[in-house]
Amino acid sequence: MASTLLPQAQVPSPGEQLLQALEELSQADFKSFRDKLAHGDLPGQCHIPWGKLEHADRIDTKNLMVSYYGKDAALDVAVTALEQIHLHSVVARLREGRGKALGPAPLPRSSAPDYREDYKTEIRNAYSRIKDRNALIGGSVSLNERYSELVIVNKHRDEEQCEHEIKATGRRHVEIMKEQANSSVALRDLFEPGPDGWVPKVVVLLGAAGIGKTMAARKIMLDWASGKVFKKFDYVFYIHCREGNLLTREVSVADLVSRCCPGASPQQVNEILKSPEKLLFVIDGFDELRFSFDLPPDELCSQPSEKRPTEITLSSLFRKMVLHKSSLLITTRPAALQKLSNCLECERYAEILGFSVAERKKYFRNFFKNTKQEAADFPFVQGNEIVFTMCLVPIMCWIICTVMKQQLSKKQALARNVKTTTGIYTLYLSALLDSLSSKSKQGMPVVLWKLSCLAAEGVWKQKVLFEEEEVQKYALDQREVLPLLLNERVFQQDIDCVSTYSFIHLSFQEFFAALFYLREDEGETETLPADLTRDVNKLLENYSNSRNYFTLTVRFLFGLSNEEQRKALEKKTGCKISPKITQELLVWLLKSQETKLAVLTEETTVIQELEVCHCLYEIQDERFVTTALDQFTGMHLQGVNLNQFDQIVLSFSMKNFTRLESLHLGHCSFIWDNPEDDTGQQPAKENQQEEGKDSPIHSLCQALENSGCKLKRLRFDRCQLTGACCGALASVLRAKSTLTVLDLGGNEELRDAGVKLLCEGLNHAACQVQTLRLGCCNLTAASCKHLAVVLGATPSLADLDLSDNPLTDDGVQELCRGLAQPSCGVQKLWYGAPGSRGMMGATRPGADLGIVIPWRARLSAPRRVLPTFAAPRSQRELRGHKALWRCCLTEVGCGALATALRANPSVTELHLGNNELGDGGVRRLCESLRDGACRVQELRLWQCCLTEASCEALASVLRTNRSLTELHLGDNELGDGGMRRLCEGLRDSACRVRILSLWQCQLTEGCCADLAAVLSASQSLENLDLSENNLGDSSARLLYEGLRHPACLLKTLWLDQSGLSEETLQNLAALMEIKPHLNIGYT
């Protein structure tokens, strides 16, 4: 008998069951159901966007759920959502149908180890890329490519150390960060055993706003999932406290884990929680939690599955009431430390200090992906010491890089808001405030006013660490805002611990102090302390007198007076900034000649502080700058190290300095900014011509070219310039026909290649240079070829200083070809080392009148100076500067010079000191000096290996040359015999010598009778230097007789004091009383 198979009832598919359940719902319940799919708590599952659900019917909703969750999981999600809207009868029918359709609940999809790998894959996918704060939809960057290591210390610093860190800038701050980096702990070592073997379970990672805490937490997640760190943990869960604030329903620890584990079933979550010692919870942003955590232990939960309010659940986790064997890594801002200590025991403390110098550069390189812009932009930022110091904060680096990249994409110059320190700090403050809630932003103007009061009080009291009472005095207790802008630090004081507060850096405090003076008065003045005034003139007066502690505050005053910056800050903060202060700043600048910022002379007013330029640069208002500089005619800086930002600042002022006549930058250094490089100087390049545009003075020279000023004097002596700089200077020579003085002395790296470039400008028809100083520039005979062409082509050139260069006879011969040209107008020619015994006589007017003061002579002041005439420098001082003194001239070179002197009678000064001319060389020179057409007035032959034999030739010159008024023969072995021969010429009535220098010429008593005769007979001699000669008492008595003679015209006499008795000194002093015009000095 055949069996009969009865047909079985058709079991609906999961999709059909889901649709049936949805069709049972009323319209209101169906809307609530869709709302739960979009916004409800769906453990382990994602939400469906409301935009897709809002107008979906039941079939559309079923299809969306199957698409998002799969057929099987869609039923589980439906059950969860229906339970949340309390439709228990529908839930029961759906569960019954699900059991028939799918059978018993499925086993976990994978075992725990298998799911761990799935979880790690999910984490790698979720954390491998980050979105910038301003990223467009779909825009992201690789976390590994963007991330730079942070300096993290796990030791408490004392109050003094913290104060030094807050105040330090530039190289000092670099040094501090280096010291900290040497003891920095890596993220991977935060849970490693300490020196005593103890392993922490709770680590607190502290850091100011924007210092990189969240980035570090995300990096930990990615590196753990990639098997690089924390391998002892099976699971690492990331919980951002900002999201915890949004949880309004009751949750359990298991729910928090489920939210971190997409796709994990309840069974898998339970399995994970069975091994708490293998779990690490990364709690990011503790300071953002808006809970008190001040709960008694009996209110806390102890089971992972226990649902309680979020505040209780998190407190239970922090205080180890639940999963007490798990580990915690908590990031927080310093101001939340006290709240944190109420709910957990911190077992290891670590603080993020920010980027080291190397990591700042790495950040730029990673951001720009090694493009040329990184090479250009990083030095710009590095040159601004204040901004570069603040670049320890990653968010500051991001702000600068972002704005610079935007300008590059638009092919524009640097935006004004990133050009200036003020602009960058305004962006930094804006970035911090962006993280606040709308409610907190409403009260921001009041908070910022109170902070500015605190900052200003600190600036006046020179204080950067504030006690809790001082902060409370200004009612600064906003829980959300305070940690954002102030750091809390805890220090031991005797047997107690006290809390202090500070701004992240002194510069940020000074930014707020400037706001104190700029904000429009809205009636808050009544709340100010009695010793705190908003009178900006008092601040400026104190700054003018001291400039120690108010420098950056004043800079920010100028920066925030810029209309664009003022409006940007008003829009972001809601504070009203007064424009009235701009006029007060202008008036203060116009009166700056009454302060240390400028010097007022009889004819001109010159600025002598670079800080004036920094203030003007911050305001970025060219009309204001032009008006402020209109009363000045010069900028004189001495010994300033100009980093790249200083150079930009200086160039900005020079571009708008319409009345500029003189720019003196003596002994200044133009640094190519690398704080880790001790030299900090411009790197050498092979192609000098191309290098000119990259030379450190290029921007300055370009500003001078483009300004409307009538520049007359330009000095770069001892500025460590290289040959490349001469290309930029040549452009100035072509553009400024008013330029008459160019001083490049003491730039030893200028060399022949630099002179070749410079001569391109000197040969230009527009060039009218009269004085050119190239002493000690490492020039050789090769330079003389180019300079010889200049001598013939530039008749305006009257004063040429080539001292301290190894020119050799070959170089001099080349140069003499130019000197012999009829068009050559050179009057003063320096070949020797310019270390002669000073400019004897009345105070010299200086180089501005065409009188060359040797560049090396400026290196050391005389040992003793009488009030009315210059003191000689001793030979011992001269020996302290031996490098490259000689021009390597010999008798051969003198022959060429003698020929040139006969061909060109315009030469009035000839300086040949410290060359081995010898007696033969002097005899050849004297042949020309005796020529009636010769007009040489000043002859310097010190240290030229001369003997008695030279004196006869020189005496013949004295008898015939009526032009010669200065003769310098110091440090030559003339002896008494030579002196007697020389005196024959000095006594001649035709001799016109006024200044005679004979220091260290081996003179003794044997020549003093002749010298005394000269003193009584000479109608011209006014200054005589006999120092460092062993004359003694008897010699002095002979000289005394000549000095007391009524016909003696001598005004200045230098003697060696050793060997002179007290009686002799008294007699000479008495003589000066009788003859008031006579001054006697001793060495």
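Ring pairs tie Tyr425, Tyr428, Phe466, Phe503, Phe508, Phe511, Phe512 and Phe556 into a cluster, and this cluster is a useful place to begin reading the model, which is a predicted one. A pair of aromatic rings is described by the distance between the centres and the angle between the planes. Within the cluster, the rings of Phe508 and Phe512 have their centres 5.2 Å apart and their planes at 85°, and because an angle over 60 degrees counts as edge-to-face, the pair is edge-to-face. Phe508 and Phe512 both belong to helix 27 (residues 506-518), where they stand 4 residues apart and are therefore separated by about one helical turn. Phe508 is buried, with a relative accessible area of 1%, and Phe512 is also buried, with a value of 0%.

The count of aromatic pairs comes to 35. Another of these pairs is formed by Phe230 and Phe233, whose ring centres lie 6.1 Å apart with the planes at 85°, so that this pair, too, is edge-to-face. As for their surroundings, Phe230 is buried at a relative accessible area of 6%, and Phe233 is buried at 3%.

Aromatic rings also meet charged side chains in this model. Arg58 lies over the face of Phe30, at 4.5 Å from the ring centre, while the charged end of Arg534 sits over the ring of Phe516, 5.7 Å from the centre of that ring.

From rings we turn to charges. Side chains of opposite charge can pair when their charged atoms come close, and the structure holds 24 salt bridges. In one of them, Arg715 pairs with Asp743, the closest N and O atoms being 3.9 Å apart. This salt bridge links distant parts of the chain, since Arg715 is in strand 18 (residues 713-715) and Asp743 is in strand 19 (residues 741-743), 28 residues apart. Both Arg715 and Asp743 are buried.

A second salt bridge joins Arg718 to Asp717, with 3.0 Å between the closest N and O atoms, and both of these residues are buried as well. A further example has a different setting: Glu749 forms a salt bridge with Arg751, the closest N and O atoms being 3.3 Å apart, yet Glu749 counts as partly exposed at 43% relative accessibility, and Arg751 is likewise partly exposed, with a relative accessible area of 39%. Salt bridges that share partners also join Arg715, Asp743 and Arg773 into one network.

Two individual residues show how contacts bring together parts of the chain that are separated in sequence. His240 is found in strand 5 (residues 235-240) and, at 13% relative accessibility, counts as buried because the limit for that class is under 20%. Not counting residues up to four places away in sequence, His240 touches Thr214, Asp284 and Glu288. Ser315 has its place in helix 15 (residues 310-318) and is buried, with a relative accessible area of 0%. Leaving aside neighbours within four places in sequence, Ser315 is in contact with Phe293, Leu295 and Leu300; of the separation from Leu295 it can be said that the two residues are 20 apart in sequence and 8.0 Å apart in space, C-alpha to C-alpha.

Seen as a whole, the chain comes to 48 helices and 29 strands, and buried residues make up 57% of its 1083 residues. Among contacts between residues at least 6 apart in sequence, 79% join residues at least 24 apart. The chain exposes about 45,500 Å², of which carbon and sulfur atoms supply 49%.

How confident is the predictor, and what average pLDDT does the chain have? The chain averages a pLDDT of 80, and 81% of the residues score at least 70. Over residues 103-111, however, the pLDDT is below 50, and this stretch has 11 contacts in the model beyond near neighbours in sequence. The pLDDT also stays under 50 over residues 673-692, for which the model has 45 contacts beyond four places in sequence.

Key. Residues numbered from 1 in each chain as written. Heavy atoms only, no water. Phe/Tyr/Trp six-rings, centres within 6.5 Å; stacked < 30°, edge-to-face > 60°. Buried < 20%, exposed > 50% of the residue type's maximum accessible area, 1.4 Å probe, protein only. Helix = DSSP H or I, 4+ residues; strand = E, 2+ residues; numbered from the N terminus. Lys NZ or Arg CZ within 6 Å of the ring centre and 35° of its normal. pLDDT = per-residue confidence, 0-100. Contact = heavy atoms within 4.5 Å. Areas by Shrake-Rupley, 256 points an atom, 1.4 Å probe, with all protein chains shown as cover. Salt bridge = Lys/Arg side-chain N within 4 Å of Asp/Glu carboxyl O.
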